[in-house]
Amino acid sequence: METSYLNSVIRQFEYYKSLGEKTFAQISDENFFWQYNENSNSIALLVKHLWGNQMSRWTDFLNTDGEKEWRDRDAEFENDMNSRKEVLKKWDEGWNVFLDSLKSLKEEDLDKTIYIRNQGHSVMEAINRQMAHYPYHIGQIVFIGKMCAGNWSTLSIAKGDSKAFNAAKFSLDKHRKHFTEEFLQDPEKGTGTENQKN
């Protein structure tokens, strides 16, 4: 098993990305735009904000400041999308830029200095910053989706299933693998545990 920092964080980000996508699969087109109140974000706005951050931070990120002059952060919170298709296009575009950038890195890049609003970060620090930021918003997406969906299929261990889940895990010999492996396998192969997240 590849145990490098980069491999680990890529898997971790792909896992959180999958939670967003499993939420999208359970909600109606209208639910993408539902807001609890005027001061709250919809799923569409959260996706647009993630897209804006990913495009700005990770386009040519080793050479240019992560807060690009062309980014309009305030506009990321304006409702100007009208369809699921528009939202998912931004979702895919942002994640592709981000993950492609991570996959292009080598371990020796991690100590290089990059800048976000003129503040220096090592590449590792910049990645860690997003490891807190992106799951924060994906958690919001999942929470809103759960409120909106009529019949929610859990993305975690189902209530009442913790003992059985743990028993199955402890029945195995001790071994080393990234916890996301059972959730990120080729969908055609399947894992049989898609609804049992840690």
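The following conversation goes through helix contacts and some individual residues in a predicted model.

Trainee: Where should I start? How do H2 and H4 sit relative to each other?

Mentor: Helix H2 covers residues 43-58 and helix H4 covers residues 123-148. Their axes come within 10 Å and cross at roughly 165 degrees. An angle over 145 degrees counts as roughly antiparallel, and H2 and H4 are therefore roughly antiparallel to each other.

Trainee: What is the handedness of the crossing of H2 and H4, left or right?

Mentor: The crossing of H2 past H4 is left-handed.

Trainee: And which residues make that contact?

Mentor: On the H2 side they include Ile 43, Leu 46, Val 47, Leu 50 and Trp 58. On the H4 side they include Ala 126, Ile 127, Tyr 134, Ile 138, Ile 141 and Ile 144. Polar side chains take part too, among them His 49 and Asn 53 of H2 and His 133 and His 137 of H4.

Trainee: How do the residues of that contact divide by type?

Mentor: There are 11 nonpolar residues, eight polar and two charged. The charged ones are Arg 57 of H2 and Arg 129 of H4.

Trainee: Staying with H2, how many of its residues are buried?

Mentor: Of its 16 residues, 15 are buried, so H2 is largely enclosed by the rest of the structure.

Trainee: What span should H2 have, and what does the model give?

Mentor: At 1.5 Å a residue, 16 residues should span 22 Å. The end C-alpha atoms of H2 are 22 Å apart, which agrees with that expectation.

Trainee: What comes just after H2?

Mentor: Asp 60 comes just after H2, and its phi is positive, at about 50 degrees. Most residues other than glycine have a negative phi. Asp 60 is found in the loop between H2 and helix H3, residues 84-104. With 41% relative accessibility, Asp 60 counts as partly exposed.

Trainee: Which other residue has a positive phi, near 55 degrees?

Mentor: That is Arg 117, again a residue other than glycine. Arg 117 lies in the loop between strand S1, residues 113-116, and strand S2, residues 119-122. Its relative accessible area is 45%, so Arg 117 is partly exposed.

Trainee: Back to the loop between H2 and H3. What does Phe 77 touch there?

Mentor: Phe 77 is placed in that loop between H2 and H3. Leaving out residues up to four places away in sequence, Phe 77 touches Asn 41, Leu 45 and His 49. Phe 77 and Val 47 are 30 residues apart in sequence, while their C-alpha atoms are 9.8 Å apart in space. Phe 77 is partly exposed, with a relative accessible area of 28%.

Trainee: New topic: how do H1 and H3 cross?

Mentor: The axes of H1 and H3 come within 11 Å and cross at roughly 175 degrees. H1 and H3 are therefore roughly antiparallel to each other.

Trainee: Which residues meet there, and how do they divide?

Mentor: From H1 they include Leu 6, Ile 10, Phe 13 and Lys 17, and from H3 they include Leu 88, Trp 91, Asp 92 and Trp 95. The contact of H1 with H3 divides into 10 nonpolar residues, one polar and six charged.

Trainee: One last residue: is Thr 23 buried or exposed?

Mentor: Thr 23, in helix H1 (residues 5-24), is buried, with a relative accessible area of 0%. Leaving aside its neighbours within four places in sequence, Thr 23 is in contact with Ile 141, Val 142, Gly 145, Trp 152 and Leu 155.

How values were computed. Residues are numbered from 1 along each chain as its sequence is written. This is a predicted model: local features need pLDDT of at least 70, side-chain atom pairs count only at pLDDT 80 or more; totals for chains, interfaces and linings use all residues. Side-chain values use heavy atoms; hydrogens and water are left out. Axes are lines fitted to C-alpha atoms, for helices over the stretch in contact, and angles run from 0 to 180 degrees between N-to-C directions. Helices (H or I, at least four residues) and strands (E, at least two) are DSSP runs, numbered from the N terminus. Angles under 35 degrees count as roughly parallel, over 145 as roughly antiparallel, 65 to 115 as roughly perpendicular and the rest as oblique. A crossing is left-handed if the near helix is turned anticlockwise from the far one by less than a right angle, and right-handed if clockwise. Contact means heavy atoms within 4.5 Å. The expected span of a helix is 1.5 Å times one less than its number of residues. Buried means under 20% relative accessible area, exposed over 50%, partly exposed in between (1.4 Å probe, protein chains only).
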